[in-house]
Amino acid sequence: MARAWRRAAPPAEDPAVRSRSGIELLDVGHTYGDRVVLREVSLVLPEHRVAVIGSNGSGKSTLARLLNGLVLPTSGRVLVDGLDTATDLRAVRRRVGFVFQDPDAQIVHPTVAEDVAFGLQNQRVPAAERDQRVTEVLARYGLTEHADHPAHLLSGGQKQLLAIAGVLVMRPARVVFDEPTTLLDLANRRRVGRVIEELEQDVVVVTHDLDLLAGFDRVLVVEDGRVVADGGPDETVGWYVARMS
Amino acid sequence: MSTLALYSPRLSPLHRTPAGVKLAALGALSVLLFAVPRLPVAPAALAVVVVLALGGARLTPRQLLAQLRPVWLWLVGLLAFHLVVTDLASGSLAVLRLAALVLAAAVVTATSKVADLVAVIEWLCAPLRLVGVRPGRIGLAIAMTLRFIPLVAERGARIREAQAARGATRPMFLMLVPLLVQVLQLAHTTAEALDARGADDEPPPRPLWRRS
Amino acid sequence: MSYRAADPTPARTRSKTGNGGTRDLAYVALFAAIVAVLGVIPPVAVPVIPVPITAQTLGVMLAGSVLGARRGGLALLLFLAVVAVGAPVLSGGHGGLGVFAGPTAGYLYSWPIAAFVIGWLTQLFWRRFNAGYAFLANVLGGIVVIYAIGIPFTSLYADVPLWTSFTGSFLFLPGDLVKAFIAALVADRVRRSYPVIELPARQPAHR
């Protein structure tokens with residue numbers, strides 16, 4: 001932290017000093033081949049915690065991937081704090097961390113500490129600072145004793161915590177979660193739910209897990225590539241559950 | 001990558017020798033042994049390797065013998081073959097040469113850290129730039145392979161269980177199809193995760209045929 | 001990127017990630033791992049010959065016919081790099097630089113080339129690819145190429161006549177034909193449900 005102060009102030013157009021103006025989707029459509037995944041979605045999401053729910057294949061996973069440029073819109077624009085995902089891809093990815101449903105797909109190094117350090121290596125963070133940040137984040141998620149263990153020996157819940165640690169160590173301004181609790185048992189769902197709750201970053205969570213949504217500022221329901229409901233968690237979830245039954 | 005089995009951590013002069021030097025010496029030894037196929041050279045080389053292994057690298061005789069295990073049947077068979085077809089001299093030459101090279105290579109493996117070997121491999125792979133490969137990525141690729149190995153094994157076991165639970169009568173090898181599809185999807189998500197964590201911050205070199 | 005996108009799996013959308021380099025990296029590492037895992041399948045020990053029949057060349061064939069020439073060849077190069085740095089991932093738990101100095105190392109060196117040739121033939125046949133073409137590619141790349149490199153290497157290395165080395169390898173031929181057949185069936189089915197090879201489009205479409 002102190003180090004940042006000593007540096008000269010970055011020029012105003014530096015993406016890192018942009019205000020957190022939020023996520024904007026302007027007439028966003030996404031098609032894959034003949035299949036329309038999202039149709040003309042327009043949204044402004046300045047809220048701290050946003051959840052996206054909807055059935056399988058509704059397009060919500062694509063919506064999540066649009067937010068850090070893993071998927072680029074085939075029409076319209078996606079702006080994250082004013083940065084266009086199509087033209088400022090790398091800057092967007094530095095701002096937006098992404099946690100996947102299956103932690104096994106996200107862990108790329110054989111041992112726990114090495115994997116957490118991976119993102120920092122890509123950002124060319126000096127080794128000393130890197131080690132310190134890795135140690136810190138491992139402690140926060142209760143993985144310190146597993147630092148040198150092979151990642152495949154962790155439990156499902158620990159693997160998801162490792163995946164989250166590997167993203168948060170990069171200090172993103174926002175985090176997008178794509179069904180982070182789907183593969184977990186009840187205890188680990190609650191654990192991951194608490195982790196998300198305690199984040200100071202702005203979060204977007206795509207989920208089937210309605211228990212996760214308490215305390216969210218806004219919930220969107222996506223169906224057939226469209227946002228069909230949008231509001232506070234109580235009303236929206238109530239509407240969604242009534243519709244499903 | 002610190003979990004590999006064949007490195008043997010010790011404090012010895014050979015451990016301190018740079019991995020590149022050891023690999024170059026290994027290459028030189030193999031050239032020498034084949035360029036000068038005379039009997040005194042091979043046993044002399046073997047003796048030097050054993051002395052270096054026990055004295056220079058402080059490996060135990062047991063570790064050395066274990067390195068010969070994969071090829072001992074070959075050694076015996078080769079000697080027998082030459083005794084029947086040619087003579088003892090050429091048989092001993094072939095066997096001693098083989099033993100010397102296998103042991104020398106094993107000594108390099110046992111005394112070099114994985115990271116150092118990776119650095120040498122990256123250096124050797126610099127020409128692969130021409131086909132669009134980033135040599136600096138080789139360490140990451142090796143790490144990812146080691147990470148994928150238990151994952152593929154685990155997914156394979158899971159598919160076998162699922163098929164057995166449904167009383168699968170299909171041939172066993174057809175489990176390879178769902179397994180491959182599943183792990184290919186997994187690898188695709190891994191690629192997304194690599195991107196999301198900034199792995200493609202630097203574009204790969206352009207392959208030779210796409211340069212103008 | 002003027003590539004024709006392979007048709008997507010119905011279950012999920014495949015995104016175009018970044019510059020594509022990471023996707024190739026993940027596939028290459030995956031197949032290096034698959035070759036390693038196939039080495040754990042208990043080898044069939046054949047009496048008399050000192051080399052067990054393993055499933056690892058099945059991985060060589062699959063790498064070429066699923067990933068194509070460049071990525072298939074790189075997957076096997078990567079596998080050899082993993083062996084070289086000391087991971088015991090060769091069949092029977094072997095690894096380290098010693099195996100590159102053994103009398104059968106020629107077969108090992110031939111694997112990346114074999115996977116490349118299989119991949120190249122697969123791409124050549126891609127538009128009308130089926131198990132028959134896949135079998136042909138596997139026999140040419142996975143048997144002819146491997147034998148053409150492995151046999152002379154052993155002969156030179158162990159100082160035995162070419163003919164002896166040649167007849168010795170023919171003990172492996174039935175097993176290798178079975179593997180070529182299995183790999184062909186598998187590659188054909190994987191192509192139908194999750195094609196990875198993308199051919200350059202005939203009319204380049206700009207994204």
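**Exercises on a predicted three-chain model**

**Exercise 1.** In this predicted model, list which residues of helix H7 of chain A are buried, and explain why the helix can be described as largely enclosed.

*Solution.* The buried residues of H7(A) are A:Gly157, A:Gln158, A:Lys159, A:Gln160, A:Leu161, A:Leu162, A:Ala163, A:Ile164, A:Ala165, A:Gly166, A:Val167 and A:Leu168. The next step is to set this list against the length of the helix, which covers residues 156-168 and has 13 residues. Twelve of the 13 are buried, and therefore H7(A) is largely enclosed by the rest of the structure. As for what does the enclosing, the cover includes, from chain A, strands E6 (96-99) and E7 (174-178) together with helices H4 (103-106), H5 (112-122), H6 (127-140) and H8 (186-198). Finally, the geometry can be checked: from its first C-alpha to its last, H7(A) reaches 18 Å, close to the 18 Å expected at 1.5 Å a residue.

**Exercise 2.** Determine which residues touch the most other members of the largest nonpolar core, and where the largest share of this core comes from.

*Solution.* The core holds 200 residues, and those touching the most other members are A:Ala165, B:Ala100, C:Ala29, C:Ala32, C:Ala75, C:Leu78 and C:Val82. Its largest share, 16 residues, is supplied by helix H6 (residues 88-111) of chain B. At the level of domains, the core draws at least three residues from each of domain 1 (13-124) and domain 2 (130-210) of chain B, whose C-alpha centres lie 35 Å apart. To examine one of the members named above, take C:Ala32: leaving aside residues up to four places away in sequence, C:Ala32 touches B:Thr145, C:Ala75, C:Leu78, C:Phe79 and C:Val82.

**Exercise 3.** Describe the side of chain B that touches chain C, stating which elements give two or more residues to it and how its residues divide into nonpolar, polar and charged.

*Solution.* Begin with the count of residues, since 59 residues of chain B are in contact with 53 residues of chain C. On the chain B side, two or more residues come from each of the helices H2 (19-35), H5 (72-85), H6, H7 (114-124), H8 (138-165) and H9 (176-196), and H9(B) gives the largest share, 13 residues. By character, this side comprises 46 nonpolar, nine polar and four charged residues.

**Exercise 4.** Summarise how many helices and strands chain C has, and what percentage of its residues is buried.

*Solution.* Chain C has seven helices and zero strands, which reads along the sequence as α-α-α-α-α-α-α. Of its 207 residues, 56% are buried. Turning to contacts between residues at least 6 apart in sequence, 72% of those in chain C join residues at least 24 apart.

Methods: Residues are numbered from 1 along each chain as its sequence is written. Chains are lettered from A and ligands numbered from 1 in the order in which they are written. This is a predicted model: local features need pLDDT of at least 70, side-chain atom pairs count only at pLDDT 80 or more; totals for chains, interfaces and linings use all residues. Helices (H or I, at least four residues) and strands (E, at least two) are DSSP runs, numbered from the N terminus. A residue is buried if 20 or more other C-beta atoms lie within 10 Å of its own, exposed if 12 or fewer, and partly exposed in between; C-beta atoms are placed from the backbone. Two residues are in contact if their C-beta atoms, placed from the backbone, lie within 7 Å. A nonpolar core is a set of buried Ala, Val, Leu, Ile, Met, Phe, Trp, Tyr and Cys residues joined through C-beta atoms within 7 Å. Domain bounds come from an automatic or database domain assignment. Ala, Val, Leu, Ile, Met, Phe, Trp, Tyr, Cys and Pro count as nonpolar, Asp, Glu, Lys and Arg as charged, and the others, Gly among them, as polar. The expected span of a helix is 1.5 Å times one less than its number of residues.
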